[in-house]
Amino acid sequence: MIYRDRNGKEISGNEGQNRLLERLCGCAAGRFLLRLLARPRISRMAGAIMDTRVSSLAVSLFVKKYHICLEECEKQSFSSWNDFFCRKLRQGSRPVSTETDVVVSPCDGKLTVYEINEKLRISLKGRTYSLESLLKNTRLAARYAGGLLFVFRLTVDDCHRYCYIAGGKKSANVHIPGVFHSVNPHVTSYFPVYHENTREYSLLHTRALGTVLMAEVGAMMVGRIVNHHGAARVKKGEEKGYFAFGGSTVILGFEKDRVTPDADILKNSAEAVETIVRQGERVGVRLSAAPPMSASGTASPCTLSPTPGRV
């Protein structure tokens with residue numbers, strides 16, 4: 001699996017995990033095992049183990065393997081794996097742009113942007129998804145016809161806390177129970193992950209960016225999606241919540257003609273390559289604030305085509 005950083009450098013992902021998941025997805029027995037592991041009871045059991053002091057023994061090995069900078073965190077020693085996994089970043093380690101026209105990343109992760117067509121369909125990781133099925137709300141989904149979906153996939157080495165991308169009025173949370181499939185691209189090509197996984201969403205009403213859909217999707221072995229607020233007034237950069245153990249996904253939905261992604265993210269998404277981003281950094285801009293720019297520095301239309309298999 002290949003990612004690109006913001007300078008265009010290609011970086012390989014966890015190839016061992018990718019090969020294992022590819023093999024499991026490629027046979028009936030493997031897919032059965034993945035379905036078994038996706039059950040909420042299994043995730044709860046794994047979460048309980050990861051809350052024990054014994055689980056902390058794996059932290060130092062993990063930090064070394066993935067080159068995690070603990071100096072960015074509020075603390076450097078942890079009582080359990082989940083204590084490490086839910087680690088808080090030090091104030092100032094992820095600066096957030098204060099410009100109201102700038103769209104920032106809510107989290108550390110791997111970003112791809114998708115078009116939502118007029119029939120509310122999204123071609124995502126080799127599958128066609130319905131926004132209605134993701135939200136279980138036909139009327140709300142219709143608001144985002146023709147808009148964009150920013151999908152931030154968090155891998156185990158990412159900090160699993162996420163923030164608000166703008167200030168505004170937040171709605172109550174809507175929880176949709178489900179299972180916990182892995183969000184690895186090999187798995188999403190075989191299972192309808194974003195229709196079946198446990199997820200939670202809310203709306204953020206803003207002046208500059210319109211009404212932003214914010215959704216968190218649990219993944220394999222994720223014991224909890226923890227959002228701090230119900231309906232409330234919130235600030236840009238304020239922590240919204242966190243995931244407990246495992247890979248996960250944060251999704252932002254924007255209404256039609258509201259925002260445009262940055263040029264590198266637009267290009268990478270059209271080539272089905274994820275872009276490595278960090279919480280607080282710019283990933284786009286309000287559409288009326290500036291035209292999208294191509295790699296050559298000239299204005300270009302906000303489109304992800306031509307993309308093979310796009311609906």
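This briefing walks through some aromatic rings, cysteines and strands of the structure above. Please keep in mind that the model is predicted. Seven aromatic pairs are counted in the model, while the number of disulfides is zero. One open sheet of three strands is also described below.

**Aromatic rings**

- A good place to start is the cluster: Phe62, Tyr66, Phe78, Trp81 and Phe84 together form one aromatic cluster.
- A pair of aromatic rings is described by how far apart the centres are and by the angle of the planes.
- With ring centres 4.9 Å apart and planes at 90°, Phe62 and Trp81 make an edge-to-face pair, because planes over 60 degrees apart count as edge-to-face.
- This pair links distant parts of the chain, since Phe62 sits in helix H4 (residues 59-66) and Trp81 in helix H5 (residues 81-85), 19 residues apart.
- Both partners, Phe62 and Trp81, are buried.
- Phe78 and Phe84 are edge-to-face too: the ring centres are 5.4 Å apart and the planes stand at 75°.
- Phe78 is buried, and Phe84 is buried as well.

**Charges over rings**

- Phe84 has a charged companion: Arg87 lies over the face of this ring, 4.4 Å from the ring centre.
- Elsewhere, Arg161 lies over the face of Tyr242, at 4.5 Å from the ring centre.

**Cysteines**

- The structure has zero disulfides, and the two cysteines below help to show how the sulfurs are placed.
- For Cys69, the closest cysteine sulfur belongs to Cys73, at 7.4 Å, which is too far for a bond because a disulfide needs the sulfur atoms within 2.5 Å.
- Cys69 counts as partly exposed, with a relative accessibility of 37%.
- For Cys159, the closest cysteine sulfur is also in Cys73, and the distance of 6.6 Å is too far for a bond.
- Cys159 has a relative accessibility of 4%, so this residue counts as buried.

**The three-stranded sheet**

- The strands of this open sheet follow the order S3-S19-S17, with antiparallel pairing.
- Strand S3 (102-104) and strand S17 (259-261) stand at the edges; each has a single partner strand, so one side of each is left without a neighbour in the sheet.
- On average, neighbouring strands of the sheet are turned by 35° against each other, direction ignored.
- S3 and strand S19 (residues 282-286) run antiparallel and are joined by three bridges.
- To find this pairing in the structure, look for Val103, which stands opposite Gly284 in S19.

Conventions. Residues numbered from 1 in each chain as written. Predicted model: local features only at pLDDT ≥ 70, side-chain atom pairs only at ≥ 80, totals over all residues. Heavy atoms only, no water. Phe/Tyr/Trp six-rings, centres within 6.5 Å; stacked < 30°, edge-to-face > 60°. Helix = DSSP H or I, 4+ residues; strand = E, 2+ residues; numbered from the N terminus. Buried < 20%, exposed > 50% of the residue type's maximum accessible area, 1.4 Å probe, protein only. Lys NZ or Arg CZ within 6 Å of the ring centre and 35° of its normal. Pairing = 2+ DSSP bridges. Axes fitted to C-alpha atoms, helices over the stretch in contact; angles between N-to-C directions.
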